[in-house]
Amino acid sequence: MSSSLPSLETLVAAPFPAPVPAPRAALRGEVRLPEPLVDRVLDTTVAVHAAGLKSFGLLLADPRNPAFPFTATDVVFFDPTKNRRNDPALRPAFEAQGEYFRAFDDAGFVADAAELLEVDRRLDASDLDAVALFHVHRRQPANFSVIDFRLHNPAYPWHMIISLRDPAHPVLRPFAVRKDHTEGVAISDRDHNEGSEQTYTGPEVTPLRLVVERRVDAVATLLSTAGRRVG
């Protein structure tokens with residue numbers, strides 16, 4: 001690979017934070033999101049999808065929230081036009097993950113290193129912590145795939161997949177991910193990983209229930225679904 005570009009591991013993993021502290025309360029198998037945040041995430045990801053691009057980002061939470069880190073109150077969207085996935089030094093690593101990644105050059109997202117640094121600085125200056133990653137599947141269901149596990153940063157205890165294969169009916173599905181910090185975050189052009197888009201079946205990944213906190217007349221009500229289907 002060319003040395004003129006940063007490595008895939010650098011772009012995927014850095015400068016994300018140290019591991020999020022363990023939740024103060026036992027995980028009840030759910031993630032809690034306010035409805036305005038869900039609407040914002042859907043509005044943006046659907047618009048990006050309509051433009052032929054893929055969304056990737058971070059979900060943020062107040063560490064003082066009793067549901068921390070299995071909650072979020074804000075979101076960071078990485079610029080979809082700066083996706084480095086197809087840079088000459090990075091594309092072969094994705095194409096080594098199987099025919100699906102050779103057929104679709106929007107299968108995968110690698111954040112721009114300069115944008116990562118900018119986001120990291122913004123988070124340092126805020127009162128919120130990054131608690132989860134999210135990304136869109138443009139053609140696949142809302143499954144947590146083999147390559148999703150390999151590229152998941154273990155600093156985050158959960159990950160949300162948004163399936164837009166039917167843009168009129170988006171599906172959001174969060175997963176708890178327990179990944180050893182020694183495993184790293186990387187794929188290689190030396191891989192021969194046919195079928196990496198298929199569901200990861202290891203015990204490290206557990207589906208979570210999505211609880212959308214809805215307010216009607218200033219009274220909070222809850223909508224709970226195993227994977228929220230919208231539309």
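## A salt bridge between distant strands

Arg209 is partly exposed, with a relative accessible area of 32%; here buried means under 20% relative accessible area, exposed over 50%, and partly exposed in between (1.4 Å probe, protein chains only). Its partner Glu30 counts as buried, at 9% relative accessibility. The two side chains form a salt bridge with an N to O distance of 2.7 Å, the term denoting a side-chain nitrogen of Lys or Arg within 4 Å of a carboxyl oxygen of Asp or Glu. Arg209 belongs to strand β8 (residues 209–216) and Glu30 to strand β1 (residues 30–34), so this pair ties together parts that are 179 residues apart in sequence. Helices (H or I, at least four residues) and strands (E, at least two) are DSSP runs, numbered from the N terminus.

## Basis of the model and overall composition

This is a predicted model, in which local features need pLDDT of at least 70 and side-chain atom pairs count only at pLDDT 80 or more, while totals for chains, interfaces and linings use all residues. Residues are numbered from 1 along each chain as its sequence is written, and side-chain values use heavy atoms, with hydrogens and water left out.

The protein chain contains six helices and 10 strands. Of its 231 residues, 49% are buried. Among contacts (heavy atoms within 4.5 Å) with a separation of 6 or more, 76% are between residues 24 or more positions apart. The chain exposes about 10,800 Å², of which carbon and sulfur atoms supply 53%; accessible areas come from the Shrake-Rupley method with a 1.4 Å probe, and for residues only the protein chains shown count as cover.

## Other salt bridges

The structure holds 15 salt bridges. One of them joins the side chains of Arg190 and Asp189, at 3.8 Å from N to O. Arg190 is exposed, with a relative accessible area of 67%, whereas Asp189 is partly exposed at 32%. Elsewhere, salt bridges that share partners join Glu30, Arg32, Arg209 and Glu213 into one network.

Another salt bridge links the side chains of Arg91 and Glu95, at 2.8 Å from N to O. Both residues lie in helix α3 (residues 91–95), four residues apart, which is about one turn of the helix. Each is partly exposed: Arg91 has a relative accessible area of 28% and Glu95 one of 25%.

## Nonpolar cores

In soluble globular proteins, nonpolar side chains tend to be buried together. A nonpolar core is taken as a set of buried Ala, Val, Leu, Ile, Met, Phe, Trp, Tyr and Cys residues joined through side-chain atoms within 4.5 Å. The largest such core has 25 residues, and those with the most contacts inside it are Leu33, Leu59, Trp158, Met160 and Ile162. Two or more residues each come from β1, α2 (35–50), β2, β4 (129–137), β5 (158–163), β6 (171–177) and β8.

Leaving aside residues up to four places away in sequence, Leu33 touches Val38, Thr71, Ala72, Trp158, Met160, Leu210, Val211, Val212 and Glu213. Apart from this core lies another, of 15 residues, among them Leu60, Phe78, Phe109 and Ala111.

## Helices α2 and α5

The 16 residues of α2 should span 22 Å at 1.5 Å a residue, and its end C-alpha atoms are indeed 22 Å apart; the expected span is 1.5 Å times one less than the number of residues. Its buried residues are Glu35, Leu37, Val38, Val41, Leu42, Thr45, Val48 and His49. Seen down the axis, they fall within an arc of 165°, so they line one face of α2; the arc is that of the directions from the helix axis to the C-beta atoms. On the other side of α2, Pro36, Asp43 and Ala50 are exposed.

Helix α5 (residues 113–124) has 12 residues and reaches 17 Å from its first C-alpha to its last, close to the 16 Å expected. Glu115, Leu116, Val119 and Leu123 are buried in α5. They cover an arc of only 100° around the axis, which puts them on the same side of α5. The face turned away from this buried side carries the exposed residues Ala114, Arg121 and Asp124.

## Backbone features in the loops

Most residues other than glycine have a negative phi, and most peptide bonds are trans. Gly52, just after α2, takes a positive phi of about 80°. Gly52 is found in the loop between α2 and β2 and is partly exposed, with a relative accessible area of 38%. Its C-alpha atom is separated by 9.1 Å from that of Arg138, 86 residues apart along the chain.

A cis peptide bond, with omega about 0°, joins Phe68 and Pro69. Pro69 is found in the loop between β2 (56–61) and β3 (74–77).
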